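Colleague: I have just opened this entry and would like to learn how to read it step by step. Could you take me through it, giving the general idea behind each feature before the case at hand?

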Amino acid sequence: MGTLSLIWTLMKREFRRLASRRIYGFMMILAPAFGFLFFTDLLKPGLPMKLPIAVVDEDYTSLSRQLTRSLDAIAQTEVVLRTADFQAARKAMQRGEIYGIFHIPADFRQEVSLGKQPELTFYTNETYLLPSSLVYKSMRLQAALANGAVQQTILLAKGEGGPQLTAKLSPITVDTNPLNNPWISYAIYLASILMPAFVFMFAMFTAAYSISQEMKEKTATEWLQSSEHSIIVALLGKLLPQTLIFMVTGLFYLSILYAYWHFPLNSGFFPMFFAMCLLVLAAQGFGIFATGLMRKTRIAFSACALWGVLSFAVSGFTFPVPAMPPLIRLFSNLFPLRHYYLLYVDQALNGIPVIYSWKPYLALLLFGLLPLLVLPRLKRNLQENRYLS
Amino acid sequence: MKDIFYIFRREFYIVFRDRGVLTFFILLTLAYPLIYTYIYSNEVVREIPVAVIDQAQTPLSREFVRRWKASPNVKVVAHCHELEEAKKWMYRKKIYAILELPADFSQNIRRGEQAHVALFCDMGALLNYKALLQTTSDVAMEMGKEIQVEHLPYASRIQQEITASPVNIKEVKLYNPQSGFASFIIPAVLILVIQQSLLLGVGTIAGTARDRNFQHGMIPHSKYYKKAWNIVLGKTCVYLPIYFVMGFWVFWVVPRIFSLTQIGSKVNLMLFLFPFLLACVFFAITLSFISKEREQPFLLFVFTSVPLMFISGISWPKEGIADYWIVFSKIFPSTYGIDGFVKINNMGATLREVLPEYLSLWGLAILYFALACLLFYREILKNRRSMLRCH
């Protein structure tokens, strides 16, 4: 039999095996689809709006009420508690009901008009990093506006005004250009990595699990025989069906990200499509490598699980890798998802020429080739049907 | 009572003779929090490599750049002449942001017009953007104030001060003063490590029992395995003490090693964590029924950590989560665990202030105890039926 028809026979055998157990359907379709839909639905709003804050108003004059109102009017914050008692606000903060407190001191208005420089204080609950940074921004803006409004009144009273008034109020402004994510959307940077991470994790587990099952069910010898004792043919026949299925799953998340959500895809379709395909191959490569290297299934699985879960941290999409300890910076190169993240930033987000991204592409390819290192060992284990739990 | 003791002894041997289970119960809970916290141990982003394009080249513009450079967030690695050149640096990942001062920067200030500086930021990591934006606007405000003062030559010193800032602004960052990333994410990770390692470990025990049982059942044919609650309690008596020890390490020692925020009272913390551990144990026993073989816990439970982290309200604010996900999140002990632990440990709340979470955990413990009993009862019935068939 020719090699191709041999592989084709093995592929048919593998499709049957995949269809025969529910756990494969769970790993290849159900769980990734759940992950995609979960994050699609969860991150839908992009930026969380109407975050609850409290205003402690000890002044209670028209000025302080106006401040409160404009704080409430900012889309990102909602004043849910107005009180003159700071303790009450602090307790609400401790119960997690509010993310920030805006404190207007007693006699605020009076001191402003007397030029006594009263102090506006705002508190943020930094235990919740994301909402606190959003309410921080709103409250800081509001405090600055309050300052500006008072200044404006003073300057107008002194007869200064006209077009140069804004320059007087803030002589230097910062024009920010958040490149390719002008909405500063959290959904873009979270979903772009969380979804492929699911595909990575399950492609890796499916590869490792399907091979270890052959040994556990004592079908490995038969599998090798039907591939005429070529471990390469055996692996190709076994894994190609999974590769195809995971690439379809991958296309599913790509279409959610770039067709349904219209996230930035400045590179065009193909660079990211290749990145996704290579990620699937890298995942399978890592799965086979772990199974071949460790004699005990559970250690191979533990390695896969560790790699899958640590990927979320060391890929650097939430906390940048250059800010991590030197050891972890080196270590991060051992994670396929890290390279996928670099490709996403270069290609989908920034759309820079593909030539600049050759390193991560190559790295993913190398992960895909990892099994070559353990082929003889894996073959020996398969021949003996050696299953060690 | 004798039954419980028998089951306890048998379970004890199962746990301590199975390296796979011990890996989850002991090794994972020991090592994982250390690795994870170490990854984030720098807490904040510092010295972000950036490029400066100063097209004005005047004392004022240089002053702006000098102050900007002085910030710990910034490390200028290149001075460029034009944007295209700087962008090449960005493509090669040598820099993550570009600060551009236009040619008319100082001219505008002298004329009393508004001057602009432009910050171009790579959005691959939002933390970089946040740090750079803060630094730049701080410098702009500080210099702006001085310029305002200079432009009021007729006024007295105090008057200048007041006009430049009639209201003082003070910001206070509570519970995590440097907005550190580890202090924010690790408490949630610690709670999840406990719950997930129990799921994996107990799932492995169940899967192994099924692999070895000729009828794929969960319990042996034995006169001691006749009452469902005895089985659940016997198992719990093994898992719970192990997790008291591991819990001490995870919740008390690890935060200490990395000097994370830890302002809660020890008594409150222990009182709160007891129902959490109990609920986790019963939860793990209940869910172990879906693990049909030894390897399956990996496939079933590992991936759930990330969605659980998100619906707990730490990574993503609760206000932005749809109601049905909130309801869904209530069936997991980790949701209340994270909420309560963060409030006590990081925000110094007392048990009274986390009463809703505390009571909910007891509720979950009772619920999962009942469910676990029910599932074992079914196993007992199955065993009895097969016995009858044999005779």
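Colleague: Let me begin with the secondary structure of chain A: how many helices and strands does it come to?

Modeller: Please keep in mind throughout that this is a predicted model. A count of helices and strands is a plain starting inventory, and for chain A it comes to 16 helices and five strands, while chain B has 15 helices and five strands.

Colleague: What is the radius of gyration of chain A, and what would a compact globule of 389 residues have?

Modeller: The idea is to set the value of the chain beside the value expected for a compact globule with that number of residues. Chain A has 29 Å, where a compact globule of 389 residues would have a radius near 21 Å. For chain B the value is 30 Å, against near 21 Å for a compact globule of 391 residues. The spans along the principal axes add to this picture, with roughly 95 × 45 × 40 Å for the C-alpha atoms of chain A and about 105 × 45 × 40 Å for the C-alpha trace of chain B.

Colleague: Which domains does the assignment give for chain A, and which for chain B?

Modeller: When reading a domain assignment, look at whether a domain is written as one stretch or as several. In chain A, domain 1 is made of 3–44 and 185–384, and domain 2 is 51–169; the centres of these two domains of chain A, taken over C-alpha atoms, are separated by 50 Å. In chain B, domain 1 joins 2–40 with 180–390, while domain 2 covers 48–164, and there the centres are 51 Å apart.

Colleague: What share of each chain counts as buried?

Modeller: Burial is judged by counting neighbours around each residue, and on that basis 47% of the 389 residues of chain A count as buried, as do 50% of the 391 residues of chain B. One can also ask how far apart in sequence the contacting residues are: among contacts with a separation of 6 or more, residues 24 or more positions apart account for 77% in chain A and for 78% in chain B.

Colleague: How many residues does the largest nonpolar core have, and which residues have the most contacts inside it?

Modeller: This core has 242 residues, and those with the most contacts inside it are A:L279 and B:A97. Helix α8 of chain A, residues 186–216, gives the most to this core, with 22 residues. If you centre your view on B:A97, leaving aside residues up to four places away in sequence, you will find that B:A97 touches B:I48, B:V50, B:L119, B:F120, B:C121, B:D122, B:N128 and B:L132.

Colleague: How many residues of each chain are in contact across the two chains?

Modeller: A contact count takes the two sides separately, and here 84 residues of chain B are in contact with 85 residues of chain A. On the side of chain B, helix α6 (residues 126–150) gives the most, with 13 residues, and by class that side has 47 nonpolar, 23 polar and 14 charged residues. Strands contribute to the pairing of the chains too, since eight bridges join strand β5 of chain A (residues 172–179) to strand β4 of chain B (residues 115–122), the two running parallel. Within this pairing, A:N177 has B:F120 as its bridge partner in β4(B).

Colleague: Take B:P317, which lies in a loop: is B:P317 buried or exposed?

Modeller: Being in a loop does not by itself settle the matter, so one counts neighbours: B:P317 is buried because 21 other C-beta atoms lie within 10 Å, and the cut-off for burial is 20 or more. Its loop runs between α12 (305–311) and α13 (323–329) of chain B, and B:P317 touches A:P48, A:L51, A:Y128, A:L130 and A:P131 of the other chain.

Colleague: Which residues other than glycine have a positive phi, among them any in chain A?

Modeller: Two examples are A:D107, with phi near 60°, and A:K218, with about 60°. A:D107 lies in the loop between β3 (100–104) and α5 (108–114) of chain A and is partly exposed, with 13 other C-beta atoms within 10 Å. A:K218 sits in the loop between α8 and α9 (220–226) of chain A and is exposed, with 10 such atoms within 10 Å.

Definitions and conventions. Residues numbered from 1 in each chain as written. Chains lettered and ligands numbered in written order. Predicted model: local features only at pLDDT ≥ 70, side-chain atom pairs only at ≥ 80, totals over all residues. Core = buried A, V, L, I, M, F, W, Y, C linked by C-beta atoms within 7 Å. Buried ≥ 20, exposed ≤ 12 C-beta atoms within 10 Å, placed from the backbone. Helix = DSSP H or I, 4+ residues; strand = E, 2+ residues; numbered from the N terminus. Contact = placed C-beta atoms within 7 Å. Domains from an automatic or database assignment. Rg over C-alpha atoms; globule rule 2.2 N^0.38 Å. Nonpolar A, V, L, I, M, F, W, Y, C, P; charged D, E, K, R; others polar. Pairing = 2+ DSSP bridges.
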